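Reader: I have a new structure open and would like to learn how to read it. Could you walk me through some features?

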Amino acid sequence: MHRSEPARPNALRSVLLFLLVSALSGALVAGLALPLAGLAGVTTATAHNTVQFLPQDLEIPPLRQKTVIQAADGSQIATLYQENRTEVPLKAINPIMLKAIVAIEDDRFYEHGALDAKGTLRALLRNQSGSGVSQGGSSITQQYVKLSLVAKAKTPEERAAATADTYERKFAELRYAIAVEQKIPKDEILHRYLNLAFFGGRSYGVEAAARHYFGIPASKLTLTQAALLAGLVKNPVGYDPTDNPKKAKVRRDTVLVRMRDLGMISAKQATAAMKTAVIDTRKVQTVPNGCANSKYPFYCDYVVAKLKDNPVFGKDEEARENYIETAGLTIRTALDPKIQAAAQKSINQHSKPTDQAVAAITIVEPGTGLVKAMAQSKPYGFKKNQTAYNYNVEKSYPGGFGGFQNGSTMKAFTIAAAIQKGIPLNYRINSPQTLDLSGREFKTCKGTASDPHYVPKNSTKTVADPSMIDAARASTNTYFLQLSEQVGLCPIATLAAKMGMRDAQSETPLLQVPSMTLGSAGLITPMMLSSAYATFAARGTFCNPQVITAVASVRGKSIATPGRSCKPVMTQQVADGVNYVLHQVMEPGGTGGKLKFGRSDLAGKTGTTDENHSVWFAGYSSKLAAASVVADATPPYKNLIRQIFNGKQLRDASGSGTAGPIWETAMRGALAGMATTKFVQPDEKTIRGNVKDLPSVKGMTPEQATAALVALGFKVTVATDLVKSDAVSGTVAYTSPRTEDGALPGATVTLWLSDGSEAPPPTPPVTPGIPPLPPHGPGIPPPTKPTKPACPPWDPKFPNCGRR
């Protein structure tokens with residue numbers, strides 16, 4: 001329901017009354033900085049509506065202030081702003097600055113109301129005598145109103161209306177100025193004005209201006225510095241001391257003379273100040289804007305992307321971006337400058353921006369998910385050998401490259417799923433160099449998966465029937481393919497998903513295919529993999545990667561943002577088992593053995609994809625986890641071998657030899673100074689597994705062995721290939737798993753049959769009364785062992801003989 005409007009007075013009377021009041025208060029014509037002739041275009045109806053129905057309360061929008069992004073130690077990473085401004089209270093501005101601005105802009109500011117009659121009439125006479133506009137009569141209050149209206153404008157049209165050279169706008173400003181003067185004290189108006197005004201050099205407000213031109217806060221401004229800044233307000237570009245030092249000095253000295261004439265400073269002070277250099281260019285500080293100007297542009301970009309995902313900052317991405325760039329927020333991140341420096345140093349040591357291949361590494365903290373560092377070989381930019389792609393993160397974020405196949409680093413999830421199912425750490429599977437899995441069905445969450453033509457092979461040599469530990473140390477493909485077949489792909493995929501693993505291009509679950517354990521289930525990022533491996537280090541607790549730790553408003557009030565998100569995804573005992581297995585990978589003889597350093601326990605896994613499109617190393621201590629990758633990032637992807645990396649042509653590409661050194665150097669630097677840590681040893685149940693005893697069936701026929709095993713609840717399959725054994729040909733040589741290791745209840749036991757090649761010859765029959773022939777033949781004495789010649793007295797020619 002609308003309130004009834006008051007009766008309107010005679011239109012002409014309203015206009016004349018307002019103009020009379022305006023004239024008496026100094027607002028008429030010259031005060032509006034418009035020629036007298038301009039009144040001819042103002043109709044009585046226009047003036048009446050403009051005056052009678054003007055709102056009296058000026059809605060002042062919050063000042064646009066710069067947002068600061070900080071590292072974990074409080075050091076500055078980047079600033080984001082539309083207007084470089086830091087609002088400060090009046091007490092944080094040197095009083096000399098207040099005197100300077102009043103002297104040059106409105107010396108009767110504390111004597112008149114919203115409008116200065118004396119100043120306006122003076123401007124009127126000068127403007128009319130000069131047949132144009134040479135001087136305005138706007139008070140500081142009027143200027144403040146105008147700046148506020150411009151700041152309030154959200155569109156180009158609104159901005160144009162706020163600066164239009166019309167009587168309608170001037171009348172509106174006058175009405176607002178009267179309302180402001182009635183409600184706000186003079187000092188507060190001046191305070192607001194100094195925080196709002198533009199001083200050139202991308203500096204809004206006196207604090208930003210003082211820091212830009214002189215490298216000091218506004219509280220420490222000197223007389224000459226204050227005079228320079230006060231003079232800039234009239235024409236920030238024309239009087240910019242960095243571009244126009246001569247004009248800036250003339251303007252500054254004008255301010256000093258005005259301050260002297262008004263008795264604000266002495267003649268001696270003015271003269272001394274005028275002799276001072278206008279500016280020391282060495283102290284000029286330009287505040288960089290945006291992540292592109294950050295020391296850590298990729299990390300910064302990822303932080304901003306996370307902020308724009310947060311609905312607390314606005315209803316949509318545009319609103320959030322505007323808020324982030326204008327709200328004066330302080331954003332604390334997880335980035336650790338020391339660890340970041342170690343990561344980048346390692347990248348620089350082992351790769352070059354000019355390489356064909358790219359390198360990247362992410363380091364996270366187990367148990368918190370804090371992303372401590374993110375580095376890559378191609379620097380940020382759009383020139384040759386630069387990139388805007390962040391190779392560490394998923395494609396869903398601006399600039400995210402979207403990952404690479406992660407190779408055998410995926411085997412860690414198969415190990416975890418196997419241990420979770422009760423499979424012992426010494427579980428043995430016969431693992432030939434080549435294994436025909438064509439048509440073999442692997443159980444998935446929704447059925448089965450198979451490949452009609454799949455004959456994988458090992459890229460390394462290992463024992464014929466390795467244990468889980470042996471297979472992890474040698475990264476035996478045929479072992480883990482068979483293990484994943486026995487465990488099922490669903491438990492592996494489910495566990496990996498709980499640890500943040502998904503396709504970094506499509507954000508869809510990893511594919512459940514027979515080769516899943518070899519890393520062909522999707523594209524993975526270093527951030528994903530390091531966070532997943534950190535789960536093992538944290539004894540089964542997975543934490544979502546976290547780059548933002550706190551957000552504070554311009555007033556220092558905490559703003560709620562998503563905090564740590566951690567939850568257990570496996571038991572501590574399962575994680576201990578994984579750590580035990582992957583720790584052996586980094587012992588001498590393992591694929592990661594050459595990367596071991598320090599006294600802390602380390603665990604890790606190599607990864608190499610088919611045709612060497614990417615190679616990985618992921619590893620951790622209890623303190624930090626990291627994943628490094630070297631890959632071809634230019635489609636169509638090619639083999640890394642023969643590509644240029646670290647300035648040289650690669651002759652070989654591997655997780656241990658190519659990506660591993662990046663991980664080792666970065667982690668060595670990152671862990672320097674931290675306490676030594678050890679993994680918790682797995683308990684006996686985890687090592688032994690949830691197994692049943694297997695009977696010894698060696699030497700039995702396949703039928704006999706099958707009957708014995710089926711009776712105990714096991715399933716049985718017979719291998720097609722014969723193996724060397726001392727058992728009779730065609731009988732059981734051994735089982736997989738081995739008798740001494742046991743097997744899971746209901747597991748499939750493979751019977752490996754002997755080829756008889758190592759069976760002893762049959763014993764000849766013995767005839768009663770006739771002694772058996774000696775083994776060396778009748779009438780032939782047994783051979784005697786040759787004796788070594790006695791050592792002569794000690795002689796250097798006989799090194800194997802000792803002194804006598």
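**Reading the fold step by step**

Author: Gladly! Let us begin with a loop residue: Glu 507 lies in the loop between helix 19 (489-498) and helix 20. Please keep in mind that this is a predicted model.

Reader: What is the phi of Glu 507 near?

Author: Phi of Glu 507 is near 60 degrees, which is a positive value in a residue other than glycine. With 33% relative accessibility, Glu 507 counts as partly exposed.

Reader: Where is Ser 475, and does it count as buried or exposed?

Author: Ser 475 sits in the loop between helix 17 (468-474) and helix 18 (477-487). Its phi is near 50 degrees, again a positive value in a residue other than glycine. Ser 475 counts as buried because its relative accessibility is 6%, and buried means under 20%.

Reader: Let me step back. How many helices and strands are there in the protein?

Author: The protein has 24 helices and 18 strands. It has 804 residues, and 50% of them count as buried. Among contacts with a separation of 6 or more, 71% are between residues 24 or more positions apart.

Reader: How do I read the packing of two helices, and at what angle do helix 3 and helix 8 pack?

Author: Look at the angle between the axes, then at the residues that touch. Helix 3 (residues 95-105) and helix 8 (residues 186-196) pack at an angle of about 90 degrees, and their axes are 11 Å apart. Angles of 65 to 115 degrees count as roughly perpendicular, so helix 3 is roughly perpendicular to helix 8. Helix 3 brings Met 97, Leu 98, Ile 101, Val 102 and Glu 105 to the contact, while helix 8 brings Leu 190, Tyr 193 and Leu 194. Of the residues in this contact, 7 are nonpolar, none are polar and 1 is charged.

Reader: Which residues does Phe 199 touch, leaving out those up to four places away in sequence?

Author: Phe 199 touches Met 97, Leu 194, Gly 205, Val 206, Ala 209, Tyr 213, Leu 229, Leu 232, Val 233 and Pro 236. Two of these names, Met 97 and Leu 194, also appeared in the contact of helix 3 with helix 8. Phe 199 itself is in the loop between helix 8 and helix 9 (206-214). Phe 199 is buried because its relative accessible area is 0%. Along the chain, Phe 199 and Asn 235 are 36 residues apart, yet their C-alpha atoms are separated by 8.3 Å.

Reader: What does the side chain of Thr 141 make a polar contact with?

Author: Its partner is the side chain of Glu 181, at 2.6 Å. Thr 141 is found in helix 5 (residues 140-152), and it is buried, with a relative accessible area of 0%. Beyond its neighbours within four places in sequence, Thr 141 is in contact with Phe 109, Ala 114, Ala 177, Val 180, Glu 181 and Ile 189.

Reader: And in which helix is Ala 162?

Author: Ala 162 is in helix 6 (residues 156-163). A relative accessible area of 8% makes Ala 162 buried. Its C-alpha is 9.1 Å from that of Ala 151, and the two are 11 residues apart in sequence. Leaving aside neighbours within four places, the contacts of Ala 162 are Leu 149, Val 150, Arg 169 and Glu 173.

Reader: How many residues does the largest nonpolar core have?

Author: It has 114 residues, and those with the most contacts inside it are Phe 413, Leu 483, Met 501, Phe 536 and Tyr 620. Helix 20 (residues 526-537) gives the most to this core, with 8 residues. Take Leu 483: not counting residues up to four places away, it touches Thr 414, Ala 418, Ile 423, Tyr 427, Ile 429 and Met 468. Apart from the largest core lies another, of 61 residues, including Ala 103, Tyr 144, Leu 221 and Ala 270.

Reader: One last feature, the cis peptide bond. What is omega near for the bond from Pro 635 to Pro 636?

Author: That cis bond has omega near -10 degrees, and Pro 636 is in the loop between strand 13 (625-631) and strand 14 (644-645). A cis peptide bond also joins Ser 736 and Pro 737, with omega about 5 degrees. Pro 737 is placed in the loop between strand 17 (732-736) and strand 18 (748-753).

Terms used: Residues are numbered from 1 along each chain as its sequence is written. This is a predicted model: local features need pLDDT of at least 70, side-chain atom pairs count only at pLDDT 80 or more; totals for chains, interfaces and linings use all residues. Side-chain values use heavy atoms; hydrogens and water are left out. Axes are lines fitted to C-alpha atoms, for helices over the stretch in contact, and angles run from 0 to 180 degrees between N-to-C directions. Helices (H or I, at least four residues) and strands (E, at least two) are DSSP runs, numbered from the N terminus. Angles under 35 degrees count as roughly parallel, over 145 as roughly antiparallel, 65 to 115 as roughly perpendicular and the rest as oblique. Contact means heavy atoms within 4.5 Å. Ala, Val, Leu, Ile, Met, Phe, Trp, Tyr, Cys and Pro count as nonpolar, Asp, Glu, Lys and Arg as charged, and the others, Gly among them, as polar. Buried means under 20% relative accessible area, exposed over 50%, partly exposed in between (1.4 Å probe, protein chains only). A polar contact is a pair of N or O atoms within 3.5 Å; within protein, one must be able to donate a hydrogen and the other to accept it, and residues adjacent in sequence count only if both atoms are side-chain atoms. A nonpolar core is a set of buried Ala, Val, Leu, Ile, Met, Phe, Trp, Tyr and Cys residues joined through side-chain atoms within 4.5 Å.
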